[in-house]
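Thanks for sharing this one with me. Here are my notes, set out as numbered points so you can follow them with the model open.

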Amino acid sequence: MAVNGALAFDGVAFSYGNVAALRDVSFEVAAGERVALLGRNGAGKSSVVRLVTGVLHPDEGTVWVGDWDTAGRAPEELAWRVGSVFQHADQQLFARTLREDVSFGPRALGFPAPEVRRRTDEALDALDLHAHAAQHPYDLSPALRKLAALAGALALEPTVLVLDEPTAGLDRAGRGRVADAVREHADRGAALLVVTHDLAFAAETLQRGIVLDRGRLACDEPLDRLLTSAERLKPLGLVPPPVAALSVALDLPGRPVRERDAADTLARVAGGRSRS
Ligand SMILES: Nc1ncnc2c1ncn2[C@@H]1O[C@H](COP(=O)(O)OP(=O)(O)OP(=O)(O)O)[C@@H](O)[C@H]1O
Ligand SMILES: [Mg+2]
């Protein structure tokens with residue numbers, strides 16, 4: 001297969017013993033692209049994340065990270081290209097201070113101290129965590145620990161960033177920080193794959209939706225189209241987020257799914273009405 005994307009699954013199958021988690025899954029994510037990975041509980045999303053990070057390897061097919069076949073590569077090697085946050089991100093923190101934790105990745109890759117410091121500072125900045133840098137990770141709230149795990153992934157400056165439920169348990173401000181940080185990282189050229197049940201976050205932050213259904217790829221299309229199609233979402237166990245639902249209910253032109261776009265469209269429509 002020609003590898004164009006920063007990340008590609010080519011006919012991937014994976015089973016845990018006799019439990020089939022993924023069957024014949026193929027997709028690509030280009031550099032700079034922001035993709036949501038959706039699907040109901042048990043659909044296989046976290047298994048995709050584990051395959052990208054090299055914690056698992058496919059039984060069939062190939063996972064490509066750029067021009068690297070992940071087969072035979074350990075997570076430590078893939079860390080040159082892949083940054084990740086697992087579903088239970090608390091388990092990813094183990095150092096004595098938040099700063100030490102965030103700097104773990106670049107130190108493990110062997111970068112010299114000034115480079116480790118620069119990457120750590122930038123990642124702490126990106127998530128507005130400097131005020132907590134000296135604290136012990138376990139003295140932080142679960143929400144801050146979640147942000148800290150993401151900062152650790154960003155500090156690797158990966159070409160592929162794969163996040164499993166990065167906004168779970170975060171308030172609106174926390175979700176905003178995650179959104180800004182990952183958007184900025186994708187703008188610098190990283191491929192972004194985000195597992196999420198938070199479709200409002202997906203609508204605001206991501207561009208394309210890949211949906212898994214019982215281990216199979218059930219759909220792969222632009223999120224604005226997917227999220228405004230109730231008949232496509234329902235059989236996949238997904239509920240449209242409020243702005244998308246509103247946009248459909250009012251039959252707004254272009255069916256916007258982001259708050260800002262919906263507000264602009266509503267203002268235009270209302271303006272048109274008041275002039276007529
Ligand atoms: N360690 C494991 N051992 C055995 N089976 C597993 C294991 N992890 C996952 N599975 C099974 O593999 C399938 C896919 O699980 P996976 O965790 O990838 O789903 P998911 O989409 O991430 O679900 P959720 O939304 O609940 O996090 C499920 O049937 C699950 O029960
Ligand atoms: Mg999962």
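1. Let me begin with a question: which atom of Gly-42 lies 2.8 Å from an oxygen atom of ligand 1? Gly-42 makes this approach through its backbone, with an N or O atom. Please keep in mind throughout that we are looking at a predicted model.

2. Two other residues reach oxygen atoms of ligand 1. Asn-41 does so with a polar side-chain atom, at 2.9 Å. For Ser-46 the distance is also given as 2.9 Å, but here a polar backbone atom faces the ligand oxygen. Considered on its own, ligand 1 exposes 640 Å², and the protein buries 64% of that.

3. Now for the wider surroundings. Ligand 1 has 14 residues around it, and those that come nearest are Gly-42, Lys-45, Ser-46, Ser-47 and Gln-87. By character, the shell consists of seven polar, four nonpolar and three charged residues. At least two shell residues come from strand 2 (19-29), and at least two from helix 1 (45-53). Helix 1 is the biggest contributor, giving four residues to the shell.

4. The metal site deserves a look of its own. Ser-46, through OG, and Gln-87, through OE1, coordinate the magnesium ion (ligand 2) at 2.0 to 2.3 Å. Why does this pair tie together separate parts of the chain? Ser-46 belongs to helix 1, while Gln-87 sits in the loop between strand 6 (82-85) and helix 3 (98-102), so the two join parts 41 residues apart in sequence.

5. Are Ser-46 and Gln-87 buried or partly exposed? Ser-46 has a relative accessibility of 14%, so this residue counts as buried, since the cut-off for buried is under 20%. Gln-87, at 35%, is partly exposed. Note that Ser-46 appears twice in this story: its backbone faces an oxygen atom of ligand 1, and its OG atom coordinates the magnesium ion.

6. Helix 1 as a whole is mostly covered, with eight of its nine residues buried. Among the buried ones are Lys-45, Ser-46 and Ser-47, which are also listed with the residues that come nearest to ligand 1. Further along the helix, Val-48, Val-49, Leu-51, Val-52 and Thr-53 are buried as well. Just after helix 1, Gly-54 takes a positive phi of about 85°.

7. Two residues of helix 1 turn up again in contacts with strands. Ser-84, in strand 6, is in contact with Thr-53, Gln-92, Ala-153 and Val-162, leaving aside neighbours within four places in sequence. Ser-84 counts as buried, at 13% relative accessibility. Leu-7, in strand 1 (residues 7-16), is in contact with Val-52. Its other contacts beyond four places in sequence include Phe-27, Val-29, Trp-64, Val-160 and Leu-193. With a relative accessible area of 1%, Leu-7 is buried too. From Leu-7 to Tyr-138 the C-alpha to C-alpha distance is 33 Å, and 131 residues separate them in sequence.

8. Over in helix 12 (residues 259-275) we find Thr-265, which is buried at 6% relative accessible area. Its side chain reaches the backbone oxygen of Asp-261 at 2.7 Å. Not counting residues up to four places away in sequence, Thr-265 touches Leu-252, Pro-253 and Pro-256. Ser-247 is 18 residues from Thr-265 in sequence and 9.4 Å from it in space, C-alpha to C-alpha.

9. Finally, a word on backbone angles. Most residues other than glycine have a negative phi. Glu-165 has a positive phi of about 55° although it is not a glycine, and Arg-214 has a positive phi near 45°. Where do they sit, and is each one buried or exposed? Glu-165 is in the loop between strand 7 (160-164) and helix 7 (172-187), and counts as buried at 8% relative accessibility. Arg-214 is in the loop between strand 9 (208-213) and strand 10 (216-222), and is exposed, with a relative accessible area of 61%.

Technical notes. Residues are numbered from 1 along each chain as its sequence is written. Chains are lettered from A and ligands numbered from 1 in the order in which they are written. This is a predicted model: local features need pLDDT of at least 70, side-chain atom pairs count only at pLDDT 80 or more; totals for chains, interfaces and linings use all residues. Side-chain values use heavy atoms; hydrogens and water are left out. A residue is near a molecule or strand if one of its heavy atoms lies within 4 Å of it. A polar contact is a pair of N or O atoms within 3.5 Å; within protein, one must be able to donate a hydrogen and the other to accept it, and residues adjacent in sequence count only if both atoms are side-chain atoms. Accessible areas come from the Shrake-Rupley method with a 1.4 Å probe; for residues, only the protein chains shown count as cover. Ala, Val, Leu, Ile, Met, Phe, Trp, Tyr, Cys and Pro count as nonpolar, Asp, Glu, Lys and Arg as charged, and the others, Gly among them, as polar. Donors are N, O and S atoms within 2.8 Å of the metal (3.2 Å for Na, K and Ca); water is not among the atoms, so sites may look incomplete. Buried means under 20% relative accessible area, exposed over 50%, partly exposed in between (1.4 Å probe, protein chains only). Contact means heavy atoms within 4.5 Å.
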